[in-house]
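Colleague: I am new to this structure and should like to learn how to read it. May we go through it feature by feature?

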Amino acid sequence: MSRTDPILELRDLEVHFDTFDGRARVINDVDITVDEGETVAIVGESGCGKSVTAETIMGMLPQPPGEIVDGELYYKGEELLGDQTAHERVKSESMGMIFQDPMTSLSPVFTVGEMMRDVLTYQGKTNVGWLEIVRNVLGRRDADEAEMRDRSVELLDQLQIPDPEGVLDRYPIELSGGMRQRVLIAMAMLGEPEFLIADEPTTALDVTVQDQILDLLTEQIERENLSMLYITHNLGVARRIADRIYVMYAGEIAEVGTRDEILDEPLHPYSRGLVDSVPKLTEFDRDGIEGLLPDYTDPPSGCRFHPRCPAAMSGTCDVERPPRYELSSGQEVACHLYEDGLSRAEAAEIAAEEIEFDSGAAFEDRPTSEPAQDRSSVKGESAGTTASIDAQTPRSAEDTDE
Ligand code: SF4
């Protein structure tokens with residue numbers, strides 16, 4: 001897939017949260033790029049930091065308790081994290097967000113039409129005072145009202161909402177979950193954004209409605225030539241919608257590649273475990289990833305995945321944080337098993353040889369004297385001859401906060 005200019009670039013993002021248990025280092029050095037007209041998915045298990053990343057991009061991170069400790073966010077080359085006014089302006093003029101739960105994202109006391117009219121009235125405005133609201137209500141002209149209503153009906157119609165005129169006069173509680181989600185998409189599209197963030201917008205829907213919503217969203221993206229960042233834990237949804245995928249684990253990017261690279265032959269042990277965890281009709285015993293996300297107030301040293309990784313190398317993975325190695329194909333993987341410049345075929349061979357999920361393998365209490373595993377054949381001497389890390393005491397479920 002050929003790449004175009006980036007519309008959005010997130011660099012070295014670090015976000016911490018103050019909690020009763022201490023400072024949680026939730027997002028650690030995250031880089032994400034979305035090109036013009038591209039749909040990028042961030043996938044990972046719940047609690048891995050996907051939504052915190054989305055909130056930071058949208059300027060919606062609650063601060064406190066959150067704090068952006070480091071990082072830069074460029075939208076069409078303009079830096080936003082260091083300039084709140086610019087961030088507000090770009091957000092209201094060019095960005096749209098589709099939220100996860102339509103029931104809590106829509107106001108129960110306003111009709112759909114009233115909410116859509118307010119979006120149209122105040123879009124592009126960063127600070128709206130009470131005086132302006134009163135002035136708008138008192139000075140509302142019938143012609144403007146009719147124009148806004150027509151625009152709302154047009155969008156609801158595009159999203160295949162039956163009787164769009166009637167829906168404008170109804171409250172969210174009177175609509176089904178699928179209809180509410182379509183209304184949320186329509187509201188995100190009202191401001192004619194160039195860049196859309198969708199935070200698990202189909203999670204609360206049944207699979208048939210989810211399928212319809214994804215079709216409608218894809219149509220909108222193509223019709224308006226939008227760029228989109230799609231947050232999901234559902235790999236099937238990522239396959240349906242994404243051009244490229246970022247796999248996120250414990251607040252770090254584990255692997256980046258095209259949809260087919262990540263879903264057909266992932267290289268990072270976590271990505272492989274994630275793909276392997278997807279239930280299949282033909283297989284009943286699936287090997288998944290044992291354990292849970294780490295405690296962010298005391299994350300593991302080195303690679304954050306090492307306590308759960310079946311290929312972990314003692315003395316390396318628990319000590320050194322892996323950089324993101326870039327293969328000759330452009331795919332990037334943050335794992336000590338690989339190195340820069342490997343071809344995909346070489347990397348796939350290493351993955352097939354070294355990564356095998358076997359329920360409980362990473363947690364077996366093996367003696368430290370167990371024969372060491374020699375990885376020098378796959379990655380020069382840097383990985384060295386290592387003892388299995390399985391012998392280390394893993395973080396148990398009770399040790400974690402997720
Ligand atoms: S092999 Fe090492 S670096 Fe790679 S995912 Fe496992 S623990 Fe992390």
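Modeller: Certainly. Please note that this is a predicted model. We may begin with the ligand, which is surrounded by 14 residues, the closest being Cys303, His306, Cys309, Cys317 and Cys335.

Colleague: How many residues of the shell around the ligand are nonpolar, polar or charged?

Modeller: The shell has 11 nonpolar residues and 3 polar ones, with no charged residues.

Colleague: What should a reader know about the protein chain as a whole?

Modeller: The protein chain contains 13 helices and 14 strands. Of its 402 residues, 40% count as buried. Among the contacts in the chain with a separation of 6 or more, 66% are between residues 24 or more positions apart.

Colleague: Let us take a helix. Why does the distance between the ends of helix H9 agree with its number of residues?

Modeller: The reasoning uses a rise of 1.5 Å a residue: H9 has 18 residues (207-224) and should therefore span 26 Å, and its end C-alpha atoms are indeed 26 Å apart.

Colleague: Which residues of H9 are buried?

Modeller: The general idea comes first. An α-helix has 3.6 residues a turn, so residues three or four places apart point the same way. In H9, the buried residues are Gln210, Ile213 and Leu217. They cover an arc of only 65° around the axis, which means that they lie on the same side of H9. Helix H8 (177-190) is included in what covers these buried residues.

Colleague: Which residues are exposed on the other side of H9?

Modeller: Thr208, Asp215, Glu222 and Arg223 are exposed there. After H9 comes asparagine 225, with a positive phi near 50°.

Colleague: How is a strand to be read? Which sides of strand E3 are covered?

Modeller: For a strand, one examines its two faces and its partners. In E3 (residues 39-43), 5 of the 5 residues are buried. Thr39, Ala41 and Val43 are on one side, Val40 and Ile42 on the other, and both faces are covered.

Colleague: Which strands pair with E3?

Modeller: E3 and strand E8 (residues 227-232) run parallel and are joined by 5 bridges; in E8, methionine 228 stands opposite threonine 39. E3 also pairs with E9 in the parallel sense, over 4 bridges. There, alanine 41 has isoleucine 245 of E9 as its bridge partner.

Colleague: Where does one go from E9?

Modeller: To E10, for E9 (residues 244-249) pairs with E10 in the antiparallel sense over 6 bridges. Methionine 248 has isoleucine 253 in E10 as its bridge partner. The two strands form a hairpin with 2 residues between them, and alanine 250 in the turn has a positive phi of about 50°.

Colleague: Why is E10 described as largely enclosed by the rest of the structure?

Modeller: Because 6 of the 7 residues of E10 (residues 252-258) are buried. E10 also pairs with strand E12 (residues 332-333), in the antiparallel sense, over 2 bridges. In that pairing, the bridge partner of valine 256 is glutamate 332 in E12.

Colleague: Let us close with a single residue. Why does glutamate 326 count as partly exposed?

Modeller: One counts C-beta neighbours. A residue is buried with 20 or more inside 10 Å and exposed with 12 or fewer; glutamate 326 has 16, so it counts as partly exposed. Glutamate 326 lies in strand E11 (residues 325-326).

Colleague: Which residues does glutamate 326 touch, not counting those up to four places away in sequence?

Modeller: Glutamate 326 touches Glu332 and Asp340. Aspartate 340 is 14 residues away along the chain, yet the C-alpha atoms of the two are separated by 4.9 Å.

Notes
Residues numbered from 1 in each chain as written. Predicted model: local features only at pLDDT ≥ 70, side-chain atom pairs only at ≥ 80, totals over all residues. Near = placed C-beta within 6 Å. Nonpolar A, V, L, I, M, F, W, Y, C, P; charged D, E, K, R; others polar. Expected span 1.5 Å × (residues − 1). Arc of directions from axis to C-beta. Contact = placed C-beta atoms within 7 Å. Pairing = 2+ DSSP bridges.
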